[in-house]
Amino acid sequence: MTNSEINQTFNKGMKFFENNKLDDAKNCFQKVLKISPNDLRANHAMGIIYGKMLDHSQAKYFFNNALKANKNFKPSLLNLAIALSELREYTKSEEKFNELINHYPNDYNLYFQLGICLAKQEKLEDSKLNFLKSLKLNPIDFDALARLGIINKKQKKYDEAISFFLKSLKLKSENPEVFYQIGDTFYLNESYTNAIEYLNKTISLTDDQLIQLNAKERLARSYDNLGRYDESINLFKEILTLNLSIDTKERILFSLSNVYINSNEKDFDADY
């Protein structure tokens, strides 16, 4: 295969990749690597494909191969750091991110990705610091705002969490996950009326089954806490019609039984 043919094969693989035909793309890149095993482009592309396939060990292998061709190739360094984080090789991942930040201190995405790595380790304050650095460089970063909301929620700093979530909604006004997070934060802060508003909005915005389930469960619990027992009972019954795992069904049944107890209703056994 000539250099021209290698380039044609690589470009063909990139077209497959752009159309999300990952197996066809991989076949093209493998042909390139069979002739030219140190080809930086093909090794990097293979790493990206395996990352998309969630095979992070293989992704790590190919990014390392790409870096043998050019140890300073930023895209491979960044994606290697991400792969290491996914593999829970956190110390190595942090080292790679910090090396990159030393060379590219104005790249907001490096701080953002390091923030994700730190959050996975529950290093919440360090994670927040990096998300804030990312925001300083890119004030319209929706994901950084949302993640800051989630971290503050974990830390039970509910007012701060709500503030970040609301800022993120200014960038993506109809995002159901953020509406759920706001509703969940209000619920945890025992502000049930506000929780109901945002949880109902969540349900209206998405068909995602998991988000719907989580929102409906929190909504039913909010109704229960406000003494709106009929609404809570009806919603828990609706949830039970869904395709639930055994553990989830048992949890919902237990919650429903508690609502019957709270409401002094006696017909739970008759229904279930």
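**Figure 1. K156 sits in the loop between α9 (142-154) and α10.** This view comes from a predicted model. The backbone of K156 has a positive phi of about 60°, although K156 is not a glycine. K156 counts as exposed, because its relative accessibility is 62% and the exposed class begins over 50%.

**Figure 2. E190 occupies the loop between α11 and α12.** Phi of E190 is near 60°. That is a positive value in a residue other than glycine. With 59% relative accessibility, E190 counts as exposed.

**Figure 3. Helix α9 and the helices that its buried residues pack against.** Helix α9 has 13 residues. From its first C-alpha to its last, α9 reaches 19 Å, close to the 18 Å expected at 1.5 Å a residue. The buried residues of α9 are F142, A144, L145, A146, L148, G149, I151, N152 and K153. Their packing partners are α7 (108-120), α8 (124-137), α10 and α11. The loop that holds K156 lies between α9 and α10.

**Figure 4. Helix α12 and what covers its buried residues.** Residues 192-205 form α12, a helix of 14 residues. Its reach from first C-alpha to last is 20 Å, close to the 20 Å expected at 1.5 Å a residue. Buried in α12 are Y192, A195, I196, Y198, L199 and T202. The cover over these buried residues includes α10 (158-169), α11 (176-188) and α13 (209-225). The loop between α11 and α12 contains E190.

**Figure 5. T193 and S222, two residues 29 apart along the chain.** T193 belongs to helix α12. Its relative accessibility is 55%, so T193 counts as exposed. The C-alpha atoms of T193 and S222 are separated by 7.6 Å. T193 can be set beside Y192, which is among the buried residues of α12.

**Figure 6. E94 in helix α6 (residues 90-103).** E94 counts as buried, because its relative accessibility is 17% and the buried class is under 20%. Leaving out residues up to four places away in sequence, E94 touches L114, C117, L118, Q121 and K123.

**Figure 7. The protein chain as the setting for the close-ups, with 16 helices and zero strands.** The radius of gyration of the protein chain is 24 Å, well over the 19 Å that the globule rule gives for 272 residues, so the chain is more spread out than a compact globule. Along its principal axes, the C-alpha trace spans about 80 × 40 × 30 Å. Of the 272 residues, 46% count as buried. Take the contacts between residues at least 6 apart in sequence: 42% of them join residues at least 24 apart. The protein chain exposes about 15,000 Å², and carbon and sulfur atoms supply 47% of that area. There are 37 positive and 37 negative charges in the protein chain. The mean positions of these two sets are 8 Å apart.

Methods
Residues are numbered from 1 along each chain as its sequence is written. This is a predicted model: local features need pLDDT of at least 70, side-chain atom pairs count only at pLDDT 80 or more; totals for chains, interfaces and linings use all residues. Side-chain values use heavy atoms; hydrogens and water are left out. Helices (H or I, at least four residues) and strands (E, at least two) are DSSP runs, numbered from the N terminus. The expected span of a helix is 1.5 Å times one less than its number of residues. Buried means under 20% relative accessible area, exposed over 50%, partly exposed in between (1.4 Å probe, protein chains only). Contact means heavy atoms within 4.5 Å. The radius of gyration is taken over C-alpha atoms; the globule rule is 2.2 Å times the number of residues to the power 0.38. Accessible areas come from the Shrake-Rupley method with a 1.4 Å probe; for residues, only the protein chains shown count as cover. Lys and Arg count as positive and Asp and Glu as negative; His and the chain ends are not counted. The place of a charge is taken as NZ of Lys, CZ of Arg, CG of Asp or CD of Glu.
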